[in-house]
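Please examine the sequence and the three-dimensional structure shown below. The paragraphs that follow lead through the main pocket, the overall build, and a set of individual residues.

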Amino acid sequence: MSDSSSPALSAVDFVKTYPGARGKPRIRALDGLSINVQAGTVFALLGPNGAGKSTAVKILATLSRPDSGHASVAGIDVLRDPNGVRHIIGLVSQKASSDPMATARENLVLAGRIHGMSSSSARARAADLLSRFALDEAAERLAKTFSGGMARKLDVAIGLMHRPQVLFLDEPTTGLDPQARTELWAEIDRLSAHEDVAVLLTTHYLDEADQLADRLAIVDHGRVVVEGTPEQLKAELKGDTVQVELATAEAIPGAMVLLSRIAGLRDVASVGASLRARASSGARAVPSLLSALEDADIAVSSVTVARPSLDDVYLHHVGRSFEVAA
């Protein structure tokens, strides 16, 4: 048994490299990544594709080994006792884990039996999860007939069958339509309360991390750049975000030069035909901004002033917009 005050999951200084193609230098997928996840919380690894999120999950789920570093799940050493770890974790990977030629109920019962549950316990647990994920009416349908949202709910339910202490959700909503994403968000949001499970979520969706995570870590080039609660990280950026939509993207270079010269504006960056900057007071900065662009004959479609977002947090700590990185 692990100390209740200890994190449910801990990774320290993960380093992982892969061979480069055709004699090129090795690729450093993880470069000293460290995280701690407490029981009953959702912790998000937020970063663009290729940041190292899935590599970290594979190591923590005992599917790969790091070049260096160490980790534990519920006090069990991931490298020394991988079999012990596998008994207490659930994994929902990016690919479907269900058997398409089996029904939803059959998939769940099979998962339970694989984890050593009795037939009666597995069927009872399956019925509970089918109801919780609103799949009870589709319980006897083949998984191959499920919509994308239903299939992902079934995958999460399979991961929960044996009541894991830690659940890994690797990009669980990629490819889902907005309604299916929202429905799955609601289920993930209930996990920590209903199951008292620690959830490690990887995502490249800003709104998903903002909505679901109790804490998050922004990952870039295999290392944690900054960590905290979504509200804490946004609150640390004082002032406002000013976004300027230009009539044409061709005007971006000249507009960036002009905005960088305006007093009170900082962290000027471009995304498509838009410019984004930080300001101590957006209301005071906008008149000067519009005047400078008008004098340069640069047409403006719109200007918005808003409180900081996670994209602003990413820009501040990484040096580029998340939309550009993704």
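Helix α3 supplies four residues to the lining of the largest pocket, the largest share of that lining. Helices here are DSSP runs of H or I with at least four residues, strands are runs of E with at least two, and both are numbered from the N terminus. The model is a predicted one, in which local features need a pLDDT of at least 70 and side-chain atom pairs count only at pLDDT 80 or more, while totals for chains, interfaces and linings use all residues. Residues are numbered from 1 along each chain as its sequence is written, and side-chain values rest on heavy atoms, with hydrogens and water left out.

The largest pocket holds about 380 Å³ of space. A pocket is defined on a 1 Å grid over the protein atoms alone, as an open set of points where a 1.4 Å probe fits, with protein on both sides within 12 Å along at least five of seven lines; lining residues have an atom within 4 Å of a point. Grid points are joined across faces, edges and corners, and the volume is the space filled by probe spheres set on the points. The lining of the largest pocket comprises 19 residues, and those nearest its centre are Leu91, Ser97, His115, Ile158 and Gly159. At least two lining residues come from each of β6 (89-92), α3 (104-114) and α5.

The protein as a whole contains twelve helices and 14 strands. Taken along the principal axes, its C-alpha atoms fill a box of roughly 75 × 45 × 45 Å. Of its 326 residues, 48% count as buried, where buried means under 20% relative accessible area, exposed means over 50%, and partly exposed lies in between (1.4 Å probe, protein chains only). The accessible surface amounts to about 15,400 Å², and carbon and sulfur atoms account for 50% of this surface; the areas come from the Shrake-Rupley method with a 1.4 Å probe, and for residues only the protein chains shown count as cover. Among contacts (heavy atoms within 4.5 Å) with a separation of 6 or more, 69% join residues 24 or more positions apart. The side chains include 34 positive and 39 negative ones, and the centres of these two sets lie 6 Å apart. For this count, Lys and Arg are positive and Asp and Glu negative, with His and the chain ends not counted; each charge is placed at NZ of Lys, CZ of Arg, CG of Asp or CD of Glu.

Helix α5 (148-160), which contributes to the pocket lining, also contains Lys153. Is Lys153 buried or exposed? Its relative accessible area is 9%, so Lys153 is buried. Beyond its neighbours within four places in sequence, Lys153 is in contact with Phe133, Ala134, Leu135, Glu183, Leu184 and Glu187. Ser121, in helix α4 (residues 119-132), is partly exposed because its relative accessibility is 37%. Its C-alpha atom lies 8.9 Å from that of Val109, a residue twelve positions away in sequence.

Two loop residues on either side of β7 (166-170) deserve attention for their backbone angles. Most residues other than glycine have a negative phi. Arg163, in the loop between α5 and β7, nevertheless has a positive phi of about 50 degrees. Glu171, in the loop between β7 and α6 (178-195), likewise has a positive phi, near 50 degrees. Arg163 counts as exposed because its relative accessibility is 51%, whereas Glu171, at 5%, counts as buried.

The path now turns to α11 (residues 310-318), a mostly covered helix in which seven of nine residues are buried. These are Leu310, Asp311, Asp312, Val313, Tyr314, Leu315 and Val318. In the loop between β14 (300-306) and α11 lies Pro308, which is buried because its relative accessible area is 12%. Leaving aside neighbours within four places in sequence, Pro308 is in contact with Lys234, Leu237, Gly239, Thr241 and Arg278. Within α11, Val318 has a relative accessible area of 18% and is therefore buried. Apart from neighbours within four places in sequence, the contacts of Val318 are Ile218, Asp220 and Val225. Just after α11, Gly319 adopts a positive phi of about 95 degrees.
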